[in-house]
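Biologist: Before we begin, could we go through this model one local feature at a time, with the reasoning given for each answer?

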Amino acid sequence: MKVLITGIAGFAGSHLAELLVRKGNEVFGTCLACESLDNIRRIRRSLHLSTCDITRSDHLFRVVKRIGPDQIYHLAALSSVAKSFSEPLDTIGNNIRGTLHLLETVRNLKKPVKILVVGSSDMYGRVTPKEVPITEEKTLLPVSPYGVSKAACDLLAYQYFESYRVFALRARAFNHTGPRQTTGFVIPDFASQIAQIEAGLLPPVMKVGDLSSKRDVSDVRDVMRAYVSLMRRGKPGQAYNICSQKAYRIRDVLKDLLRLSKRKIKVEVDKERYRPAEIPVLMGSNLKIEKATGWKPRIPLMKTLEDTLDFWRERYKVS
Ligand code: GDD
């Protein structure tokens, strides 16, 4: 099976590539010319890489045509909710353009190709207590530019299925984390500070944003398994939540991380980290994906936190 991953060198892309290589697929990937390949260094020899800016339609079409994939996992995106408030045009432009060009490319290929478009629970926006756990039926009402961009990508996948019978799957991933996720997201933001404090690179004071929100957090490795199950068993045009169906308060996640630390750390709220609009609770129902594929998350949050903290400790290790 020839499988193409857009954004293969990113956090999620690298975990997906490892999984697909392990399963015996021929794995192709696109990355940006300026991008670090550090995340995929261990499997670099098993991969076929193409530098490609997916927001350039001509370039993308040539690359995809040359590869001739059977399946495409579309992961390349600007994925920070926080940053999307200060860079709305970049986020919306890149995410929508990349997805649209890819769907157009697939539509114009001679052979049928399955494509999985990665959306986000951020597109649901704020929910009432009655709407939790969130099902795929919930109206999309995003409150961030990132959420708007992902809602558009999800709807484009739907439209390309309805209009042109493109085999597009809509994966609505809730929060997922683990080793290699960059700072700018809450768990790496916390874990990287702990690692720097332990290494004596920062004073023992942890800067945090809004700790009151609740998020449905899964391990990235579980979420990548969900993408693969959906590719195998998901129905085209359908949307699937990928989530643990558990809501963790960010304050409690912070406490768990602090408990793993070797140092006593003071917590300091940094109002700069607050957002113009916050979603208080995101917790999804995973019934639909479980019914369709049998997928269930396996890795407990504590293991994910330990692995993520160890990843940052390795990075700031004093030699
Ligand atoms: N980033 C960050 N940094 N968030 C913080 C911090 C901090 O220091 N302190 C508190 N938070 C709060 C945020 O305000 C938010 O309520 C929550 O922690 C989670 O923030 P993020 O990790 O940035 O994730 P997100 O929920 O906004 O978006 C993530 O999940 C989406 C799926 O729901 C991202 O991974 C998206 O790419 C993904 O699609």
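Modeller: Let me start with R165, which at 55% relative accessibility counts as exposed, because the cut-off for that class is over 50%. Please keep in mind throughout that this is a predicted model.

Biologist: Where does R165 lie, and what is its phi?

Modeller: R165 lies in the loop between α5 and β6 (167-173). Although R165 is not a glycine, its phi is positive, at about 60°.

Biologist: R180 also has a positive phi in a residue other than glycine; is R180 buried or exposed?

Modeller: The phi of R180 is near 85°, and the residue is found in the loop between β7 (176-177) and α6 (186-198). Its relative accessible area is 11%, and because buried means under 20%, R180 is classed as buried.

Biologist: Which helix gives the largest share of the lining of the second largest pocket?

Modeller: R180 is one of the residues that line the second largest pocket, together with others including H15, D38, F311, E314 and R315. The space in this pocket comes to about 280 Å³, and its lining divides into 2 nonpolar, 2 polar and 6 charged residues. The largest share, 3 residues, comes from helix α10 (residues 301-315).

Biologist: From which domains does that lining draw at least three residues each?

Modeller: The residues lining the second largest pocket include N39, R41 and R42 as well as P179. At least three lining residues come from each of two domains, namely domain 1 (2-177 + 217-242) and domain 2 (186-215 + 247-281 + 300-315).

Biologist: How many disulfides does a search of the whole structure find, and why is C34 not bonded to C31?

Modeller: A disulfide requires a pair of cysteine sulfur atoms within 2.5 Å. The closest cysteine sulfur to that of C34 is in C31, at 9.2 Å, which is too far for a bond, and C34 itself counts as exposed at 73% relative accessibility. For C243, which is buried with a relative accessible area of 0%, the closest cysteine sulfur is in C153, 20 Å away and again too far for a bond. Over the whole structure, the number of disulfides found is 0.

Biologist: Which residues does a cis peptide bond join, and what is omega there?

Modeller: The loop between β5 (114-120) and α5 (145-164) is the place of P133. A cis peptide bond joins V132 and P133, and omega is about 0°.

Technical notes. Residues numbered from 1 in each chain as written. Predicted model: local features only at pLDDT ≥ 70, side-chain atom pairs only at ≥ 80, totals over all residues. Heavy atoms only, no water. 1 Å grid on protein atoms, 1.4 Å probe; cavity = no way out; pocket = protein on both sides within 12 Å on 5 of 7 lines; lining within 4 Å. Points joined across faces, edges and corners; volume = space filled by probe spheres on them. Helix = DSSP H or I, 4+ residues; strand = E, 2+ residues; numbered from the N terminus. Nonpolar A, V, L, I, M, F, W, Y, C, P; charged D, E, K, R; others polar. Domains from an automatic or database assignment. Buried < 20%, exposed > 50% of the residue type's maximum accessible area, 1.4 Å probe, protein only.
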